[in-house]
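Please open the model in your viewer and keep the sequence panel beside it, since each stop on this tour begins with something to select. Take the stops in order, and rotate the view whenever a new selection appears.

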Amino acid sequence: MAVVKAKPADINLLARLLRAEAEGEGRKGMLLVGNVGINRVRANCSDFKGLRTIPQMVYQPHAFEAVQKGYFYQRARESEKTLARRVVKGESFWPAKYSLWYFRPPANCPSTWYDQPFVSRYKLHCFYEPTSGTCQNVYNTF
């Protein structure tokens with residue numbers, strides 16, 4: 001059973017985001033990006049209040065740099081759709097299990113990002129999860 005509603009078009013959109021944001025990080029890296037996206041849809045806190053759908057999450061202004069690049073608009077492959085379906089069904093992986101933010105810095109991961117603590121790095125991406133005082137709801141989503 002899905003943890004967020006997702007039509008086939010939503011799966012395709014999420015799959016394109018996973019590839020465009022983290023293809024170089026491999027399958028797990030793409031799954032981690034998917035976890036952050038699903039967390040944003042479900043958490044309803046911080047910068048992500050009111051996001052209820054995958055398209056709202058993907059196209060939220062300034063959320064993902066990849067949507068501004070042509071590679072994002074290429075057709076999703078079946079392997080990427082499979083990864084998107086897995087995160088929509090609720091599979092989550094550390095360090096993105098509760099994370100709402102990630103980014104790829106040019107060097108070391110800063111200790112905070114958007115005032116939220118650093119969790120861990122996976123390859124080139126740093127992951128940050130909110131404190132319970134900032135977003136308790138993210139810890140109640142799984």
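What follows is a walk through a predicted model, going from the core to a pocket, then to the strands and their turns.

**Stop one: the nonpolar core**

Begin by selecting Leu14, Ile54, Met57, Val58 and Leu100, which are the residues with the most contacts inside the largest nonpolar core, a set of 42 residues. Now colour the elements that give two or more residues to this core, which are helix H1 (8-22), helix H2 (26-43), helix H3 (54-58), helix H4, strand E1 (101-103) and strand E4 (125-128). Which element gives the most to this core? It is H2, with eight residues.

Keep Leu14 selected and show its surroundings: leaving aside residues up to four places away in sequence, Leu14 touches Ile38, Ile54, Met57, Ala84, Val87 and Val88. Two of these names, Ile54 and Met57, were also in your opening selection, among the residues with the most contacts inside the core.

**Stop two: a glutamate in helix H4**

Select helix H4, which covers residues 78-88, and find Glu80 within it. Is Glu80 buried or exposed? Glu80 is counted as buried because its relative accessible area is 2%, and the limit for that word is under 20%. Display the neighbours next: not counting residues up to four places away in sequence, Glu80 touches Ala15, Leu18, Arg19, Glu23 and Met30.

**Stop three: the largest pocket**

Turn now to the largest pocket, which holds about 590 Å³ of space. To find the middle of the pocket, select Ala63, Phe64, Glu65, Tyr102 and Phe103, which are the closest to its centre of the 21 residues that line it. If you colour the lining by kind, you should find 12 nonpolar, three polar and six charged residues. H1 and E1 each supply at least two residues of this lining, and the largest share, three residues, comes from E1.

**Stop four: strands E1 and E4**

Leave E1 on display and add E4, to which E1 is joined by three bridges, with the two strands running antiparallel. Pick Tyr102, one of the residues closest to the centre of the pocket, and look across to E4, where Phe127 stands opposite Tyr102.

Then look at E4 from each side in turn. What covers can be judged from the side chains: His125 and Phe127 lie on one side, Cys126 and Tyr128 lie on the other, and all four of these residues are buried, so that both faces of E4 are covered.

**Stop five: from E4 to E3**

Add strand E3 (residues 116-122), which is joined to E4 by four bridges and runs antiparallel to it. Two pairs are worth selecting here: Arg121 has Cys126 as its bridge partner in E4, while Tyr122 is partnered in E4 by His125. E3 and E4 form a hairpin with two residues between them, and Lys123, in the turn, has a positive phi of about 50°.

**Stop six: from E3 to E2**

Extend the selection to strand E2 (residues 112-113), which is joined to E3 by two bridges, again in an antiparallel arrangement. Thr112 has Pro117 as its bridge partner in E3. These two strands also form a hairpin with two residues between them.

Which residues sit in the loop between E2 and E3? Tyr114 is found there, and Asp115 lies there as well. Tyr114 has a positive phi of about 50° although it is not a glycine, and Asp115, which is not a glycine either, has a positive phi of about 65°. Show the surface here: Tyr114 counts as exposed because its relative accessible area is 52%, and Asp115 is exposed too, with a relative accessible area of 68%, the limit for that word being over 50%.

**Last stop: a cis peptide bond**

Finish in the loop between H4 and E1, where Pro95 lies. Select Trp94 together with Pro95 and look at the backbone that links them, for the two residues are joined by a cis peptide bond, with omega at about 15°.

Note on methods:
Residues are numbered from 1 along each chain as its sequence is written. This is a predicted model: local features need pLDDT of at least 70, side-chain atom pairs count only at pLDDT 80 or more; totals for chains, interfaces and linings use all residues. Side-chain values use heavy atoms; hydrogens and water are left out. Buried means under 20% relative accessible area, exposed over 50%, partly exposed in between (1.4 Å probe, protein chains only). Contact means heavy atoms within 4.5 Å. A nonpolar core is a set of buried Ala, Val, Leu, Ile, Met, Phe, Trp, Tyr and Cys residues joined through side-chain atoms within 4.5 Å. On a 1 Å grid over the protein atoms alone, a cavity is a set of points where a 1.4 Å probe fits but cannot get out, and a pocket is an open set with protein on both sides within 12 Å along at least five of seven lines; lining residues have an atom within 4 Å of a point. Grid points are joined across faces, edges and corners, and a volume is the space filled by probe spheres set on the points. Ala, Val, Leu, Ile, Met, Phe, Trp, Tyr, Cys and Pro count as nonpolar, Asp, Glu, Lys and Arg as charged, and the others, Gly among them, as polar. Two strands pair if DSSP finds at least two bridges between them.
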